[in-house]
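Please find below some notes on the fold, set out as numbered points. They move from the chain as a whole to its two sheets and the helices that pack on them.

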Amino acid sequence: MKSIALDLRPLSIPEKAQRGTAHISRSLLEHARLMEGDMEYTLLLAPDQKPPEQCGSLRRYVLPWTYGDISRSDWLAESRRTGRFLNELNPDLYHAPDLYMPRGFTGPVVVTACDYFELPIVGPVRLFGQTYGWRWNFRFRFRYRWTWRTMISHAACVATISHTTAQRVRHRFPSLADRVVAVPLGLDETWFTPPSPRPDVLAKYGLDRPLILHVGGLEKRKNPQGVLNTFQRLRREMPTAHLALAGPLHGPKTESPGVHVLGFLPLDDLQRLYAAADCLLYPSFDEGFGLPVVEALAMGCPVVTSRGTATEEVAMGHASLVDPSNADEIYFAVLSILRSPRPMPAADLNRSVDTAKSYFSLYRECLRS
């Protein structure tokens, strides 16, 4: 029986900062039974990390050093320690569900890349909602580019979370082209079951309708100024309109009538908010996937998002597509949605079981080759 070492240490960081990593890991663990009799998991955990509920009786190891992603100062030393540990453990395959390469490991590696960013040569770097200043810029760029260079020479496969990201990686790294595979994220079945009626979700957060919702950090690539400008223009025509901002509390100042900064929400509240909102406004300039788009569509919330990015791909024809740099186009798309009947929830979106099956097939292919 083949052994897959699955690195769960990225889940040791706060949930609101886990991005697509959490969805991939949890879908794999939830559907691990599909590999019974064929392959088995060996789970790698960080110190004091609480194993996910889906771990069950799967074999696990706690690595006694701090997980060092590419933003940490001890990243290189930690990567060497992990490489030595994996050589002793000797799994048939190691899967890093986040952008990470263990230094010195000689076995096959599958790496999941949520996105690829061209970093500036000089100046501060703003990535994943964090700003790495001038002093850290050189170190961060070195680690980020070293990781990609190492993937070129050592990764058996690079799995991206959308076909759009896969095309971007193939274009940037031609030598990786035949090892890049798109494995889109999927939603678990709770997203396709309408929440039981409970009208107090709007009252709980002081909201009213018409309600525009934006989910995600207010970093520059997500076009927060476009969201705010569109809402302020809408507010002049509909004085009772409200804008709810759910996600990390960073970005431009949002003090404005009708704007509610909610921060990170519990899953149950987030699902009910999708079900109550009149529109999800998500006009990003750049996305590796755009999970809020599929979450909203699954809950029957109409979506306005960008054409030409990964969100167009994952919306699968269910969203209103706009040019994120065209303020008029965004505004009239929102206005059209508010004046139209609410659509039915989209039922043809990717499920977590589909994601898990794709990864299991990918494991088998890497082991065969």
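1. Helices (H or I, at least four residues) and strands (E, at least two) are DSSP runs, numbered from the N terminus. On that basis the chain has 11 helices and 15 strands. This is a predicted model, in which local features need pLDDT of at least 70 and side-chain atom pairs count only at pLDDT 80 or more, while totals for chains, interfaces and linings use all residues. Residues are numbered from 1 along each chain as its sequence is written, and side-chain values use heavy atoms, with hydrogens and water left out.

2. Of the 369 residues of the chain, 55% count as buried (under 20% relative accessible area, with exposed meaning over 50% and partly exposed in between; 1.4 Å probe, protein chains only). The chain exposes about 16,600 Å², of which carbon and sulfur atoms supply 53%; accessible areas come from the Shrake-Rupley method with a 1.4 Å probe, and for residues only the protein chains shown count as cover.

3. One open sheet has 7 strands in the order 3-2-1-4-5-8-9, with parallel pairing, where two strands pair if DSSP finds at least two bridges between them. Strand 3 (59-62) and strand 9 (180-182) are the edge strands, each pairing on one side only, and the twist from one strand to the next averages 25 degrees (axes are lines fitted to C-alpha atoms, for helices over the stretch in contact, and angles run from 0 to 180 degrees between N-to-C directions).

4. Within this sheet, strand 1 (residues 2-7) pairs with strand 4 (residues 93-96) in the parallel sense over 3 bridges, and Ile4 has Leu93 of strand 4 as its bridge partner. Helix 4 (residues 163-172) lies across strand 5 (109-113), strand 8 (157-160) and strand 9, running at about 165 degrees to strand 9; contact here means heavy atoms within 4.5 Å.

5. Another open sheet has 6 strands in the order 12-11-10-13-14-15, again with parallel pairing. Strand 12 (259-263) and strand 15 (320-322) stand at its edges with a single partner strand each, so one side of each is left without a neighbour in the sheet.

6. In the 6-strand sheet, strand 10 (residues 211-215) and strand 13 (residues 279-282) run parallel and are joined by 2 bridges, with Ile212 standing opposite Cys279 of strand 13. Helix 6 (residues 224-237) packs on the sheet and touches strand 10, strand 11 (242-246), strand 12 and strand 13, its direction making about 160 degrees with that of strand 11.
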